[in-house]
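Biologist: Could you walk me through this model, one feature at a time?

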Amino acid sequence: MRPFLMKLMRLAVIIGGFALIMRLAGPKMGEFMDRKFEEAPEDFPPKWMYLNINAIREQNERILHLLEEKASAGAA
């Protein structure tokens, strides 16, 4: 039973250390990745996909807004 507890304690220390590192470095890494993403060329596939998803989201919001206006005009 004792070796199991030692392994469990080691695992807890490793996970705790990783969580601490991510908590400290996470925001800086996010800012770094945002800068790199903005610096990427327009035809960079992840950037192209992101821009297309944003365009689709904006179009869906416009459609929903128009449907809400139509529903409220029909109810009045």
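Modeller: What follows is a talk through a few features of this structure, which is a predicted model.

Biologist: Let's start with charges, then: how many salt bridges does the structure hold?

Modeller: The structure holds one salt bridge, and it is formed by the side chains of E39 and K36, with a distance of 3.6 Å from N to O.

Biologist: Where do E39 and K36 lie?

Modeller: Both of them lie in helix α1, which covers residues 2–39, and they are three residues apart, which is about one turn of the helix. In general, an α-helix has 3.6 residues a turn, so residues three or four places apart point the same way.

Biologist: And is E39 buried or exposed?

Modeller: E39 is exposed, because its relative accessible area of 56% is over the 50% cut-off, whereas K36 has a relative accessible area of 44% and is partly exposed.

Biologist: Staying with helix α1, how far apart are its end C-alpha atoms?

Modeller: The end C-alpha atoms of α1 are 53 Å apart, and this agrees with the 56 Å that its 38 residues should span at 1.5 Å a residue.

Biologist: Where in α1 is the kink?

Modeller: The kink lies at A25, shortly before the proline P27, and the bend there is about 45 degrees.

Biologist: Changing topic, how many aromatic pairs are there?

Modeller: The count comes to one aromatic pair. This pair is F37 and Y50, which meet edge-to-face, with 5.4 Å from centre to centre and 90 degrees between the planes.

Biologist: Which parts of the chain does that pair link?

Modeller: The pair links distant parts of the chain, since F37 is in helix α1 while Y50 is in helix α2 (residues 45–75), and the two are 13 residues apart. As for exposure, F37 counts as partly exposed at 23% relative accessibility, and Y50 is partly exposed too, with a relative accessible area of 44%.

Biologist: What about the surface, which residues form the nonpolar patch?

Modeller: The patch is formed by F4, L5, L8, L11 and I15, which together have about 490 Å² of accessible area. One of these residues, F4, lies in helix α1, and F4 is exposed, with a relative accessible area of 54%.

Biologist: One last thing about helix α2: how far apart are L51 and R62?

Modeller: L51 and R62 are 11 residues apart in sequence and 17 Å apart in space, taken from C-alpha to C-alpha. L51 has its place in helix α2, where it counts as partly exposed at 38% relative accessibility.

Technical notes. Residues numbered from 1 in each chain as written. Predicted model: local features only at pLDDT ≥ 70, side-chain atom pairs only at ≥ 80, totals over all residues. Heavy atoms only, no water. Salt bridge = Lys/Arg side-chain N within 4 Å of Asp/Glu carboxyl O. Helix = DSSP H or I, 4+ residues; strand = E, 2+ residues; numbered from the N terminus. Buried < 20%, exposed > 50% of the residue type's maximum accessible area, 1.4 Å probe, protein only. Phe/Tyr/Trp six-rings, centres within 6.5 Å; stacked < 30°, edge-to-face > 60°. Patch = residues over 30% accessible without salt bridge, like charges linked within 9 Å, V, L, I, M, F, W, Y side chains within 5 Å. Areas by Shrake-Rupley, 256 points an atom, 1.4 Å probe, with all protein chains shown as cover. Expected span 1.5 Å × (residues − 1). Bend = angle between axes of the 7 residues up to and from the residue.
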